[in-house]
Amino acid sequence: MMPEIPEFVETEIVIRSVHSHRTWHAALPNGKIVIAFVEEGGPATTLEPGARVRARLSVGDFSRAEIVLENEQPKTGLTIQAPTAVQEAFPG
């Protein structure tokens with residue numbers, strides 16, 4: 001029996017720059033730069049460059065990362081931890 005493929009993966013991203021009031025450029029643990037966002041209509045969120053936050057990425061599209069807000073319950077999926085080398089290459 002094949003293992004079930006999750007709909008998304010969750011990991012920590014590092015905010016690189018502010019793009020708009022609800023979008024940012026961010027780095028994944030492997031260094032790939034993506035667009036990070038909060039859903040429209042969600043609570044106001046202020047993130048500065050260097051901030052480390054949890055984000056959820058669809059397994060079908062690793063170019064955008066939905067920011068997981070602190071009060072949000074985790075969904076079923078995979079959690080990816082950044083290797084130490086990547087954390088050292090992209091310090092806060």
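Among contacts between residues at least 6 apart in sequence, what share joins residues at least 24 apart? In this chain, the figure is 59%. Keep in mind as you look around that the model is predicted.

Let's start with the overall layout. The protein chain has six strands and one helix, and reading from the N terminus the order goes β-β-β-β-β-β-α, so to put it in words, the helix follows the strands. The chain counts 92 residues, and 34% of them are classed as buried. As for the outside, the accessible surface adds up to about 6200 Å², with carbon and sulfur atoms owning 55% of that area.

Now pick out strand E1, which covers residues 8-18. It has a partner in E2, residues 23-27: the two run antiparallel and are joined by four bridges. If you want one spot to click on, try Val18, whose bridge partner in E2 is Trp24. Getting from E1 to E2 takes a hairpin of four residues.

E1 also pairs with E4, again in the antiparallel sense, and here the count is seven bridges. A handy landmark in this pairing is Thr11, which stands opposite Ala55 in E4. As a reminder for following any such strand by eye, side chains in a regular strand alternate between the two faces of the sheet.

Stay on E4 and move along to Ser58, which lies in that strand. Is Ser58 buried, partly exposed or exposed? Its relative accessibility is 36%, so Ser58 counts as partly exposed, because that value falls between the 20% limit for buried and the 50% limit for exposed. Leaving aside residues up to four places away in sequence, Ser58 touches Glu7 and Phe8. Glu7 is a nice example of a long reach along the chain: Glu7 and Ser58 are 51 residues apart in sequence, yet their C-alpha atoms sit 6.0 Å apart in space.

Ser58 also leads us to the largest pocket, which holds about 180 Å³ of space. The lining is made up of 11 residues, and those closest to the pocket centre are Phe8, Arg56, Leu57, Ser58 and Glu66. Which elements give two or more residues to this lining? They are strand E4 (52-58) and strand E5 (61-67). By residue class, the lining splits into seven charged, three nonpolar and one polar. So Phe8 and Ser58, which touch each other, turn up together among the residues closest to the centre of the pocket.

Methods: Residues numbered from 1 in each chain as written. Predicted model: local features only at pLDDT ≥ 70, side-chain atom pairs only at ≥ 80, totals over all residues. Heavy atoms only, no water. 1 Å grid on protein atoms, 1.4 Å probe; cavity = no way out; pocket = protein on both sides within 12 Å on 5 of 7 lines; lining within 4 Å. Points joined across faces, edges and corners; volume = space filled by probe spheres on them. Nonpolar A, V, L, I, M, F, W, Y, C, P; charged D, E, K, R; others polar. Buried < 20%, exposed > 50% of the residue type's maximum accessible area, 1.4 Å probe, protein only. Contact = heavy atoms within 4.5 Å. Pairing = 2+ DSSP bridges. Areas by Shrake-Rupley, 256 points an atom, 1.4 Å probe, with all protein chains shown as cover.
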